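Open the model in your viewer and switch to a cartoon view. The stops below each give a selection and then say what is there.

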Amino acid sequence: MTPLKDIVNLLDTTLDIGRIPDAPQAMNGLQIENDGTVTKIATAVDGSQSTIEAAVAMGADLLILHHGIYWPGLQPITGWWKKKIQTALGNNLAIYSAHLPLDMHPELGNNACIAHALGLENTHPEITYNGIKIGIRGTYPGTLGELRTRYEEILGSPVTGIISDDLTSPAGEIAVCSGGAAGEIYALHKLGIRTYLTGETVHWAITTAEDMGINLLFGGHYATETFGVQALGALLERTFGLPCTFIDNPTGA
């Protein structure tokens with residue numbers, strides 16, 4: 001049994017929650033508190049009703065999310081929204097969320113974890129959002145075909161997009177940014193980066209990449225953002241000795 005405040009303090013400090021700007025609905029940090037103690041932790045990408053119910057069913061009293069419960073925006077506490085809040089409060093489930101602070105963390109972040117899993121070399125932050133760099137730039141030591149295969153392997157699902165160069169050519173320098181970051185293709189083109197791995201598929205970005213001669217691979221918004229919360233869960237297991245389980249609830253997007 002661990003005090004909730006100790007876990008929150010560690011997460012807030014590690015992720016620098018108070019310093020990093022984000023969308024208002026992200027509301028990073030503790031979103032719902034429980035009775036003050038934690039015995040079991042669940043992590044997930046999204047704070048859907050099914051995710052909260054799964055956390056309750058496994059006996060968790062803390063749920064850590066990437067997209068917090070306020071991601072859909074402010075809503076009247078009626079109907080489906082009332083049900084979600086009642087499920088958490090009625091089952092003593094605390095909820096903590098970290099969006100951009102988790103995307104950009106140099107070790108625990110979605111992008112850092114993807115870069116590490118891909119085996120990128122000479123990595124450093126790239127892709128600026130809200131005045132901060134959240135993506136990763138680095139060198140892949142294989143071919144474009146090998147890069148695509150490896151991306152699919154670490155995600156556990158197919159990738160889509162377009163490869164303008166020959167699959168047997170060296171991948172060289174690439175950029176990685178999880179989630180919905182297709183719009184950064186313009187900035188990367190100006191930087192001379194020819195290969196970009198991101199999450200959410202965007203129709204116009206495929207034709208634009210073709211025009212630019214850029215290799216663009218989409219791994220899915222959900223699939224590319226499962227890494228960070230799992231890394232946080234592993235950190236909390238090591239630090240506090242609490243059991244932590246990842247709730248896999250794919251959206252298909």
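**First stop: a pair of facing residues**

Select Thr195 and, opposite it in strand E12, Asn215. Strands (E, at least two residues) and helices (H or I, at least four) are DSSP runs, numbered from the N terminus. The model is predicted, with local features needing pLDDT of at least 70 and side-chain atom pairs counting only at pLDDT 80 or more, while totals for chains, interfaces and linings use all residues. Residues are numbered from 1 along each chain as its sequence is written, and side-chain values use heavy atoms, leaving out hydrogens and water.

Now extend the selection to strand E11 (residues 195–198) and strand E12 (residues 215–218), which pair in the parallel sense over four bridges. Two strands pair if DSSP finds at least two bridges between them.

**The six-stranded sheet**

Add the other strands to show an open sheet of six with mixed pairing, in the order E7-E8-E10-E11-E12-E9. At its edges, pairing on one side only, are strand E7 (121–129) and strand E9 (160–162). From one strand to the next the twist averages 25°; angles run from 0 to 180 degrees between N-to-C directions, and axes are lines fitted to C-alpha atoms, for helices over the stretch in contact.

Select residues 144–155 next. This is helix H6, packed on the sheet and touching strand E8 (132–143), E9, strand E10 (170–177), E11 and E12. Contact means heavy atoms within 4.5 Å. The direction of H6 makes about 120° with that of E8. Then pick helix H8 (residues 203–212), which lies across E9 and E12 and runs at about 160° to E12.

**The five-stranded sheet**

Move to a second selection, an open sheet of five strands ordered E2-E6-E5-E4-E13, again with mixed pairing. Strand E2 (29–32) and strand E13 (244–246) are the edge strands. Inside, strand E4 (residues 41–46) and strand E5 (residues 62–67) run parallel, joined by five bridges; Thr43 has Ile64 in E5 as its bridge partner.

Helix H1 (residues 4–15) packs on this sheet against E2, E4, E5 and strand E6 (94–97), at about 5° to the direction of E6. Helix H2 (residues 49–57) touches E4, E5 and E6, and its direction makes about 155° with that of E5.

**Last stop: two helices**

Select helix H5 (residues 110–118) and helix H10 (residues 227–240), whose axes are 7 Å apart and at an angle of about 95°. H5 is therefore roughly perpendicular to H10 (65 to 115 degrees). Show side chains for Asn110, Cys113 and Ile114 of H5 and for Phe227, Gly228 and Ala231 of H10, which make the contact.

Methods:
Angles under 35 degrees count as roughly parallel, over 145 as roughly antiparallel, 65 to 115 as roughly perpendicular and the rest as oblique.
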